[in-house]
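Work through the exercises below with the coordinates open. Each task is followed by a stepwise solution.

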Amino acid sequence: MENSFEKIVSFCKRRGFVFPSSDIYGGLGGFYDFGPLGVELKKNIKDSWWRAMVQRREDVVGLDSSIIMNPNIWKASGHTETFSDPLSECKKCHKRFRSDHLEDPKKCPECGGEMMEPRNFNLMFKTFIGPVEDSTAIAYLRPETAQGIFVNYKNIVDTQRMKLPFGIAQIGKAFRNEITPGNFIFRTREFEQMELEYFVKPGTEDKIFEDWIKERMRWYTEELGIKPENLRVRRQEKDELAHYAKGCVDIEYRFPIGWSEIEGIASRADFDLTQHQKFSGQDLTYFEDDTKEKYIPYVIEPSCGVERTILAVLCDAYEEIEGGRTTTTESVKEKETLLRINKKLAPIKVAILPLVKNKPDITNKAREVYGMLKQNFACSYDEVGAIGRRYRRHDEIGTPFAVTIDFDTLEKNDVTLRNRDTMQQERINIQDLTQRIKKEIYEN
Ligand code: GAP
């Protein structure tokens, strides 16, 4: 079923995934906050990336560099000169737009007035370091995490004994003063990136580039469970490439707004390290022990946005079922919202539901089960409303399992384990519950 973007936006606010930033003050354009469920989902996605890109690989190490860095870094990387978008202003209403996004660059999309000639607008956020706000104190919030990696390349080679090919990975905030942020969390002014810089011997980059494209598609489909038909690899045309890039592909997701980029994978040659060698005056060449060769490594860079991945995961999992689902144990008969999200990513893994809330024997037992399960899983204790309604509330946020404690539990020490996707219910002994849920979530 096609989901409109508005449905996802309102679902995110209604259930506490994403709120507009500074909401009670009327919001702030291009900034969002992640609520209790959003923050769990975000963490699960970042953990999945880190496991796949760092923890399970011998050839990649992690890094957490500072957001504000020496401003010369941005001169070396080219951001000070060229990290800009064309901005044009309406002569009549003085609203400003990104002119390459306008259908008619000469007419204002708001009032139809005539637009001024576009000028380049640098997207880096400026700030000052220390108490004096003069030009020598200017610094920038990083517009990408990548440069923090390049400037630590030498530290890491010197301290970690890494041998090519190897990678450095980083997850962190990036800031861009986008002229027209929009489409909810798709284009914001503050966001997070998950970036890998993979250093290779020149001449080996083409095959490694193709290998990374396959690996990254595998992550989206196998680890995140995104439907393959909603993903595609788009190769950038020669005239789209940055002047230093040897190749670049976008991984795109079929959002309700159309196919759009969630990740870029670039073959960047030796551009970045060469620039930093030049601007820092430090030797950034790599010495190959076996052949005694010295060279600047080439770089393959898979760079992915956390918020766009969250949005893709939510769009992919969100379903509305007119008339609800019916099984042997449940019949809904009204419109049902179901988040069929990968179990590993689900913000809450288990809902603990006492059948009734006014029988202390039952609620005490339910709290005991809750106390046990929350040692291992993100859980929610919920005793409000009819049991069917509670199942539905948890289906909507993608909770894969519900555990119901009833009168039989008191005698037999077993509970009902309900599965979100099949709505199947089975009795299971409390002592087997943790292992069973672990197996269902992490081994299937
Ligand atoms: N170091 C390479 C780099 O930063 P990019 O294509 O500019 O490349 C990489 O950004 C990813 O970061 C994008 O594919 C996107 O997922 C995310 N991203 C970029 N700008 C964004 C924005 N304004 N809001 C949300 N995500 C953004």
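**Exercise 1.** Which residues of the largest nonpolar core touch the most other members?

*Solution.* Note that the model is predicted.
- Step 1. The largest nonpolar core holds 58 residues. F17, L41, Y220 and L311 touch the most other members.
- Step 2. Look for the main contributor. Helix α9 (residues 306–317) supplies the largest share of this core, 8 residues.
- Step 3. Check the domains. Domain 1 (5–70 + 143–314) and domain 2 (338–442) each give this core at least three residues.

**Exercise 2.** List what L41 touches, leaving out residues up to four places away in sequence.

*Solution.*
- Step 1. Use contact, meaning heavy atoms within 4.5 Å.
- Step 2. With those sequence neighbours left out, L41 touches F17, I310, V313, L314, I341, L345 and P347.
- Step 3. Look beyond this core. Another core, of 20 residues, lies apart from it. Its members include I352, V369, C379 and L433.

**Exercise 3.** Why is strand β9 described as largely enclosed by the rest of the structure?

*Solution.*
- Step 1. Apply the cut-off: buried means under 20% relative accessible area.
- Step 2. Count. In strand β9 (residues 166–175), 9 of the 10 residues are buried, so the strand is largely enclosed by the rest of the structure.

**Exercise 4.** Find the strands that pair with β9, and the residues opposite A169.

*Solution.*
- Step 1. Strand β3 (residues 60–63) pairs with β9 in the parallel sense, over 4 bridges. Here G62 stands opposite A169.
- Step 2. Strand β10 (residues 190–200) runs antiparallel to β9, joined by 10 bridges. In β10, L196 is the bridge partner of A169.

Technical notes
Residues numbered from 1 in each chain as written. Predicted model: local features only at pLDDT ≥ 70, side-chain atom pairs only at ≥ 80, totals over all residues. Heavy atoms only, no water. Core = buried A, V, L, I, M, F, W, Y, C linked by side-chain atoms within 4.5 Å. Buried < 20%, exposed > 50% of the residue type's maximum accessible area, 1.4 Å probe, protein only. Helix = DSSP H or I, 4+ residues; strand = E, 2+ residues; numbered from the N terminus. Domains from an automatic or database assignment. Pairing = 2+ DSSP bridges.
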